[in-house]
Amino acid sequence: MVKGLYTAHTGMVNEMKRLDIMTNNLANADTTAYKKEGTTSRTFGEELAIRVKDTSSYGLNRPIGDIAYGVHLGQVYTDWDEGSFKVTDKETDFAISGKGFFAVSFTDKAGNTSYKLTRDGSFTVNAQGYLVTKDGDYVLNQNGALTGNPAAGNYVQLDPNAKIFVNEAGQVFQNEVLVDQIGLVDVANYDDIIKYGENLYNLAEGAQLIAPEGATVQQGILETSNVNVVKEMVNMITIQRAYEAGQKVITSIDETLEPAVNTVGRVQ
């Protein structure tokens, strides 16, 4: 095996995967409260492969020194940096300043209801007076958010004909009377958060819900995506050049091998 071919190939595959993630970030640059993703890379283990039926090493891997066979995608992670705020002056638009999430009761196409988190606060009030997301999923109150219970008793219900005022704690007032409280929740370990779609999140089994520290609700404001379009475009150019470098390596090795295949091994 020509190690250079394998190294160039794995590098090109890695850059393709990085490009897929980066283009998804660019596609969601205008998605409310979208959190961009990034990637890490790591080398393959510096070990010799074990030969089948080789009993000389008793199945133990043997180091090959400093020779590396290539690279592959290490981890895809989410960047939780807060996006900038955009003023809408709409009374049912909300943004969270600081760490934390809104909790919603999500219903899939099969009618199954589950607990989801989001930072997209572009809500509205439906005809029944329930505060819902733009997709019609119910926003949970403080009890539902902290207990992870998406039942109907934990929906935020308002008077659809009265003005809405929400303070920084998420308490909802109508006609100067406290009606309900929009649920704010945080997760003890962000590694337990699993992205679902564009800006919804699931929780891994055993995830711990906690009250957010220092988080406030801002009314009439939405959080924008934290994708920096210019930076992503620069990174895209870097990826393209790295991919082209891998192509040139393969072409060079192919040109080197051509005389060996077509000339040196020729039978006169």
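V2 lies in the segment before α1. The model is predicted. With a relative accessible area of 34%, V2 is partly exposed, because that class lies between the 20% and 50% limits. V2 also belongs to a nonpolar surface patch, together with L257 and V261. The accessible area of the three together is about 230 Å².

Next, the accessibility of three residues, with their places in the chain.

| Residue | Location | Relative accessibility | Class |
|---|---|---|---|
| V2 | segment before α1 | 34% | partly exposed |
| T32 | loop between α1 (3–27) and β1 (37–43) | 17% | buried |
| V71 | strand β2 (residues 71–78) | 23% | partly exposed |

T32 counts as buried because its relative accessibility is 17%, and buried means under 20%. This loop residue sits between α1 and β1. Which residues is T32 in contact with, leaving aside neighbours within four places in sequence? They are D120, N199, L222 and E223.

V71 is found in strand β2. At 23%, V71 counts as partly exposed. V71 and E15 are 56 residues apart in sequence. In space, their C-alpha atoms are 9.9 Å apart.

Now the sheet. Three strands form an open sheet in the order β7-β4-β18, with antiparallel pairing. β7 (121–122) and β18 (216–219) stand at the edges. Each has a single partner strand, so one side of each is left without a neighbour in the sheet. Strand β4 (residues 93–97) runs antiparallel to β7, and two bridges join them. Across this pairing, D93 stands opposite S122 in β7.

Notes:
Residues are numbered from 1 along each chain as its sequence is written. This is a predicted model: local features need pLDDT of at least 70, side-chain atom pairs count only at pLDDT 80 or more; totals for chains, interfaces and linings use all residues. Side-chain values use heavy atoms; hydrogens and water are left out. Helices (H or I, at least four residues) and strands (E, at least two) are DSSP runs, numbered from the N terminus. Buried means under 20% relative accessible area, exposed over 50%, partly exposed in between (1.4 Å probe, protein chains only). Contact means heavy atoms within 4.5 Å. Patches are made of residues with over 30% relative accessible area and no salt bridge: like charges are joined within 9 Å, nonpolar side chains (Val, Leu, Ile, Met, Phe, Trp, Tyr) within 5 Å. Accessible areas come from the Shrake-Rupley method with a 1.4 Å probe; for residues, only the protein chains shown count as cover. A salt bridge is a side-chain nitrogen of Lys or Arg within 4 Å of a carboxyl oxygen of Asp or Glu. Two strands pair if DSSP finds at least two bridges between them.
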